[in-house]
Amino acid sequence: AKLGELSCTITVQAGDDDKLFGSVGPRDIAEALAESGEFDHKQIVLEEAIKQLGVYSVPVKVHSEVEVTAKVWVVKA
């Protein structure tokens, strides 16, 4: 049940147009999710790095046959 409630907030530097200075990748998300349990960056399924502020639903492959969705909040510092 706890895996279904995965969420994290990542605070980043961003410009006035909400574009990030850099990007948020699987390693960043895995570190932010560490409070909910140990996740390896290889378990985070991102098609491309996050480059704008917002709320994202990111698939996390917990097991070869089990995948959950984590809600990732990318907010301005």
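Where does Gln43 lie? I began my notes with this residue, and I record at the outset that the model I am reading is a predicted one.

**Entry 1, Gln43.** I found Gln43 in the loop that runs between α1 (26-32) and β3 (50-52). I then looked up its accessibility, and because the relative value is 19%, under the 20% cut-off, I entered Gln43 as buried. Next I went through its partners, leaving aside neighbours within four places in sequence, and noted contacts of Gln43 with Glu38, Pro59, Val60, Lys61 and Val62. I also noted a polar atom of the Gln43 side chain at 2.7 Å from the backbone nitrogen of Asp40.

**Entry 2, the chain as a whole.** I counted one helix and five strands in the chain, and reading along the sequence I wrote down the order as β-β-α-β-β-β. The radius of gyration of the chain is 12 Å, close to the 11 Å that the globule rule gives for 77 residues, so I noted the chain as being as compact as a globular protein of that length. For the C-alpha trace I took down spans of about 40 × 20 × 15 Å along the principal axes. Among contacts between residues at least 6 apart in sequence, I recorded that 45% join residues at least 24 apart.

**Entry 3, surface and charge.** I noted that 29% of the 77 residues count as buried, and that the accessible surface of the chain comes to about 5200 Å², with 47% of this belonging to carbon and sulfur atoms. For the charged side chains I listed 8 positive and 13 negative, and I added that the centres of the two sets lie 2 Å apart.

**Entry 4, Ile29.** I turned to helix α1, where Ile29 lies, and since its relative accessibility is 0% I entered Ile29 as buried. Setting aside neighbours within four places in sequence, I listed Ile10, Val24, Ile44, Leu46, Ile50, Val58 and Val72 as the residues in contact with Ile29. I also looked up the pair Ile29 and Val74, which are 45 residues apart along the chain, and noted a separation of 10.0 Å between their C-alpha atoms.

**Entry 5, Asp18.** What is the sign of phi at Asp18? I read a positive value, near 70 degrees, in a residue other than glycine. I wrote beside this that most residues other than glycine have a negative phi. Asp18 has its place in the loop between β1 (7-12) and β2 (19-24), and because its relative accessibility is 36% I entered Asp18 as partly exposed.

Methods. Residues are numbered from 1 along each chain as its sequence is written. This is a predicted model: local features need pLDDT of at least 70, side-chain atom pairs count only at pLDDT 80 or more; totals for chains, interfaces and linings use all residues. Side-chain values use heavy atoms; hydrogens and water are left out. Helices (H or I, at least four residues) and strands (E, at least two) are DSSP runs, numbered from the N terminus. The radius of gyration is taken over C-alpha atoms; the globule rule is 2.2 Å times the number of residues to the power 0.38. Buried means under 20% relative accessible area, exposed over 50%, partly exposed in between (1.4 Å probe, protein chains only). Contact means heavy atoms within 4.5 Å. Accessible areas come from the Shrake-Rupley method with a 1.4 Å probe; for residues, only the protein chains shown count as cover. Lys and Arg count as positive and Asp and Glu as negative; His and the chain ends are not counted. The place of a charge is taken as NZ of Lys, CZ of Arg, CG of Asp or CD of Glu. A polar contact is a pair of N or O atoms within 3.5 Å; within protein, one must be able to donate a hydrogen and the other to accept it, and residues adjacent in sequence count only if both atoms are side-chain atoms.
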